[in-house]
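The following exercises train the reading of a protein model, one step at a time. Each task is followed by a worked solution.

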Amino acid sequence: MILAGAGIVGVGGGLAGVAHLALMSPELPRLVNFLLFVAALYYFFREPIAQFFRHRAETIRADLERARREREAARTKLNEIQLKLARLDDEVKQMKARAEAEAAAEYERVMESARREAEKIRALGLREIETARRAAEIELRTFAVERALAHARRMLCEQLTEDDHHRLVEAFIAELPEVMT
C-alpha cells in the first residue's frame, strides 16, 4: 500500500508504470513494503541492537571466563581434597602402625617387668626355702644331739657304777690344772 501511494505521488506521471508493477505480481507490493519496514527498523534500531548484542557478548564472555575460573578453582580444590584424603589414609595407616608398635613395645615392657618380678619372687622363695632348710637342719641337729645326749646319759646311768663315777671325777680334777694353764 505504501508503494502504491508513493508511486502515484512520487513518480509524476508514471502511473502506468506502477499499475504495470501491480499487475505483474499481487505479492510484490507486500514484499516491497516488508523490505522497507525491515530497512526502517535496521536504520533506527541498528545501533541499539548492535550495542545490545555487543553487551550481551561481553556478558557471555565474562560469564564464561568466570565459569572457567570457578571450574579451575573447583578442580584445584578437588585436587587438594583428594591429596588430603590420600594423606589422611596414609596418616591413618601411620597412626595405626605407630599404635601397633607402641602396643607391642608396651607388651614387651609389661612382659619384661613381669619376668623381673617373677624372678624376684622366685629368688625370694629360694632364699626362704634355704633359710627354712638351714633352720630345719639346725633343729634336726639339735634334736639329734639332745637325743644322743639323752641316750648317752641313760646308758651312762645304766652302765656307770659308783666306782666308775668316782674315778671319772678324779681324772677330771687331775686334768683341770692342765686345761687352766
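**Exercise 1.** Is Glu130 buried, partly exposed or exposed, and what is its relative accessible area?

*Solution.* The model under study is a predicted one.
Step 1. The relative accessible area of Glu130 is 26%.
Step 2. A residue is buried under 20% and exposed over 50%, with partly exposed in between.
Step 3. Because 26% falls between these limits, Glu130 is partly exposed.

**Exercise 2.** Determine with which residue Arg134 forms a salt bridge, and into which network Arg134 is linked.

*Solution.*
Step 1. The partner of Arg134 is Glu130, and their closest N and O atoms are 3.2 Å apart.
Step 2. A salt bridge requires a side-chain nitrogen of Lys or Arg within 4 Å of a carboxyl oxygen of Asp or Glu, so the pair Arg134 and Glu130 qualifies.
Step 3. In the sequence, the two residues are 4 residues apart in helix α3, so about one helical turn separates Arg134 from Glu130.
Step 4. Salt bridges link Glu130, Arg133, Arg134, Glu137 and Arg141 in a network.
As background, side chains of opposite charge can pair when their charged atoms come close.

**Exercise 3.** Describe the salt bridges of Arg68 with Glu65 and of Arg109 with Glu106: give the distance, the spacing in the helix and the exposure of each residue.

*Solution.*
Step 1. Arg68 and Glu65 meet through their side chains in a salt bridge of 2.3 Å, N to O.
Step 2. These two residues are 3 residues apart in helix α3, which means that about one helical turn lies between Arg68 and Glu65.
Step 3. Arg68 is partly exposed at 36% relative accessible area, and Glu65 is partly exposed at 31%.
Step 4. For Arg109 and Glu106, the salt bridge has an N to O distance of 2.5 Å.
Step 5. Helix α3 holds both Arg109 and Glu106, again 3 residues apart, or about one turn of the helix.
Step 6. Arg109 counts as partly exposed, with 47% relative accessibility; Glu106, with 37%, also counts as partly exposed.
Step 7. Over the whole structure, the search finds 17 salt bridges.

**Exercise 4.** How many aromatic pairs are there, and what is their geometry?

*Solution.*
Step 1. The count comes to 2 aromatic pairs.
Step 2. One of them joins Tyr43 and Phe44, whose centres are 5.2 Å apart and whose planes stand at 80 degrees.
Step 3. Planes over 60 degrees apart count as edge-to-face, so the pair of Tyr43 and Phe44 is edge-to-face.
Step 4. Tyr43 is exposed, with a relative accessible area of 59%, and Phe44 is exposed at 59% relative accessibility.
Step 5. The rings of Phe52 and Phe53 have centres 5.3 Å apart and planes at 70 degrees, so this pair is edge-to-face.
Step 6. Phe53 is exposed, at 52% relative accessibility.

**Exercise 5.** Summarise the chain as a whole, and state where the confidence is lowest and where it is highest among the elements.

*Solution.*
Step 1. The protein chain has 4 helices and 0 strands, in the order α-α-α-α from the N terminus.
Step 2. Of its 181 residues, 2% are buried.
Step 3. The accessible surface is about 16300 Å², and carbon and sulfur atoms account for 65% of this area.
Step 4. The average pLDDT of the chain is 85, with 86% of the residues scoring at least 70.
Step 5. Among the elements, helix α1 (residues 2–11) has the lowest mean pLDDT, 42, and helix α3 (residues 28–159) has the highest, 93.
Step 6. Residues 1–15 have a pLDDT below 50, and this stretch makes 8 contacts in the model beyond near neighbours in sequence.
Step 7. Where pLDDT is low, the predicted coordinates should not be read in detail.

Terms used. Residues numbered from 1 in each chain as written. Heavy atoms only, no water. Buried < 20%, exposed > 50% of the residue type's maximum accessible area, 1.4 Å probe, protein only. Areas by Shrake-Rupley, 256 points an atom, 1.4 Å probe, with all protein chains shown as cover. Phe/Tyr/Trp six-rings, centres within 6.5 Å; stacked < 30°, edge-to-face > 60°. pLDDT = per-residue confidence, 0-100. Contact = heavy atoms within 4.5 Å.
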